[in-house]
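Let us take a walk through this model together, one piece at a time. Keep the structure open beside you as you read.

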Amino acid sequence: MRKFVSDKSCRKLLHRSFQNLTQHLHLQHHHHQHKGPLSSVSQSRFLSSSYSSMAPIPSSNPSAPPVTLDNINPKVLKCEYAVRGEIVTLAQRLQQELQVKPGSLPFDEILYCNIGNPQSLGQQPITFFREVLALCDHPAILDKSETQGLFSADAIERAWQILDQIPGRATGAYSHSQGIKGLRDTIAAGIEARDGFPADPNDIFLTDGASPAVHMMMQLLIRSEKDGILCPIPQYPLYSASIDLHGGTLVPYYLNEATGWGLEVSSLKKQLEAAKSQGITVRALVVINPGNPTGQVLGEENQREIVEFCRKEGLVLLADEVYQENVYVPEKTFHSFKKVSRSMGYGEADICLVSFQSVSKGYYGECGKRGGYMEISGFSPEVREQIYKVSSVNLCSNISGQILASLVMSPPKVGDESYDSYCGEKEGILSSLARRAKTLEDALNKLEGVSCNKAEGAMYLFPRIELPQKAIKAAEAVNSAPDAFYCRRLLNETGIVVVPGSGFGQVPGTWHFRCTILPQEDKIPAVVSRLTDFHKLFMDEFRD
């Protein structure tokens, strides 16, 4: 239940604050008179503990700006996010140049293959989802006769259901800090239908996409640089960035490229022991399934091994499952880690598990709506209260994202007016993604010195590229990682934007890049032909 501070309590709080300030100033005066210790100053929470540190620091250069790279938080300087890094900045600059001077570059458009942002590349939203959102945001039209002809009957019915769950039917108002209770009920029912095991709406925290939920858990788990988080390499750079920002240590475990980016528990054990020997307390294990940037889908037996490892070692299992709808090969099926752990007989008392889901991926691709959630299990009531407290600092996630999260977990069902069109849209998007993945995979494997594992799921390919020594030396001469050098040249000569593998982590001495499968199908031939022609010329230029 959301807690509010009464007027009376607020006045008491302000009174205590004023008393602390008065006491602090009195002690300061006493200290200057008697040069005695200020033993009770630390008792004031509001000003006294930091008063002296807040005093202006004299600058040797009065004209110097107050904020520079030398005095900002070093954790900010340390963190990196390659998906929107240097290559993308260059792409945006080239796009502006094309707009100002058409024909000035050797290509006529920028092809963004750097980020999982489907609708920016032409993917259409699911009609039912958008109808419900529109009706919820403008409920006045629900009573108009024209609405019956413009919107499907089940979208109108769902909008009424959702609005009845929102206090005041106001999508512009704050909600409960975990999210609207009725929407969490719907999501819990969807999780239960997916997994076959009960789900509790009180375990669900609705967030602005999955990223804030990841940050929230890092904030909870990391106390200092002596706390470590086991992360896959390659990894989605949200994890390395959030660990850096919260002052922890990333403990890497390498996925096995030779076995289709397999996750081997022996590697987890080895890295855990290595971290312990360096005085690092490993708090959690991050698993991304389906994989980003690697596109693999874990087998259920492998997942059981991972659950058992976390249980035995007392690690929190952080399961990034935002690509659960994106599986493209018939021999693989997505299984949530919660389902796997429950099927092994493990419950709340056996393992701490956090599952992340987002409306940005799957077949829906609603990145800009910023909807998602985390489901937590295995945490004590006292720790849950602290998670709620951190969540409440942000008040609540946006209501449109909350509504979308509930729709994603409870789409139209058989017999609903929108069911056939919904299924057609969903299948059309997912089958097209599978075809695009296969086309790009085949094209990459035909390139000299390039090998690419099968894209079993997610939205990316992560090919390995064997670069000539001359290219590596040319990269070193301009102080660049060799794969970044390749990607920059690719962009400048073709307009294709991909992300260097060095931004995700990779086995030392190997080079990769991440390429999305998201350009629309009619653009894929252009991506293939431009990339093929560029690669041949590049290899010829730098051939040893």
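**Helices and a sheet**

A good place to begin is with helix α8 (residues 211-221) and α13, whose axes come within 11 Å and cross at roughly 125°. Keep in mind as you look that this is a predicted model. Angles over 145 degrees would count as roughly antiparallel, and 65 to 115 as roughly perpendicular; α8 and α13 are therefore oblique to each other. Their crossing is right-handed. To find the contact on your screen, pick out Met-216, Gln-219 and Leu-220 on the α8 side, and Val-383, Ile-387, Val-390 and Ser-391 on the α13 side. Sorted by character, the residues of this contact are five nonpolar and two polar, with no charged ones.

Now turn to the sheet. Strands of a sheet pair through backbone hydrogen bonds, either parallel or antiparallel. Here, seven strands form an open sheet with mixed pairing, and reading across gives the order β2-β8-β7-β6-β5-β3-β4. At the edges sit β2 (204-207) and β4 (249-254), each of which pairs on one side only. On average, neighbouring strands in this sheet are turned by 20° against each other, direction ignored.

For a closer look at one pairing, follow strand β3 (residues 227-233) and strand β5 (residues 281-288), which run in the parallel sense and are joined over four bridges. Within this pair, Ile-229 stands opposite Ala-284 in β5.

Which helix lies across β3, β5 and β6? That is helix α11 (residues 300-313), and its direction runs at about 165° to β5, while β6 itself covers 316-320. Helix α13 (residues 381-393), which you have already met beside α8, packs on the sheet too, touching β2 and β8 (372-377). The direction of α13 makes about 165° with that of β8.

Finally, visit another helix pair. Helix α4 (residues 127-137) packs against helix α6 (residues 153-165) at an angle of about 50°, their axes 9 Å apart. Are they parallel or oblique to each other? Roughly parallel would call for an angle under 35 degrees; α4 and α6 are therefore oblique to each other. The crossing of α4 and α6 is right-handed. From α4, the residues in the contact are Phe-128, Glu-131, Val-132, Leu-135 and Cys-136; from α6, they are Asp-154, Ala-155, Ile-156, Arg-158, Ala-159, Ile-162 and Leu-163. This contact of α4 with α6 divides into nine nonpolar and three charged residues, with no polar ones.

Notes: Residues are numbered from 1 along each chain as its sequence is written. This is a predicted model: local features need pLDDT of at least 70, side-chain atom pairs count only at pLDDT 80 or more; totals for chains, interfaces and linings use all residues. Side-chain values use heavy atoms; hydrogens and water are left out. Two strands pair if DSSP finds at least two bridges between them. Helices (H or I, at least four residues) and strands (E, at least two) are DSSP runs, numbered from the N terminus. Axes are lines fitted to C-alpha atoms, for helices over the stretch in contact, and angles run from 0 to 180 degrees between N-to-C directions. Contact means heavy atoms within 4.5 Å. A crossing is left-handed if the near helix is turned anticlockwise from the far one by less than a right angle, and right-handed if clockwise. Ala, Val, Leu, Ile, Met, Phe, Trp, Tyr, Cys and Pro count as nonpolar, Asp, Glu, Lys and Arg as charged, and the others, Gly among them, as polar.
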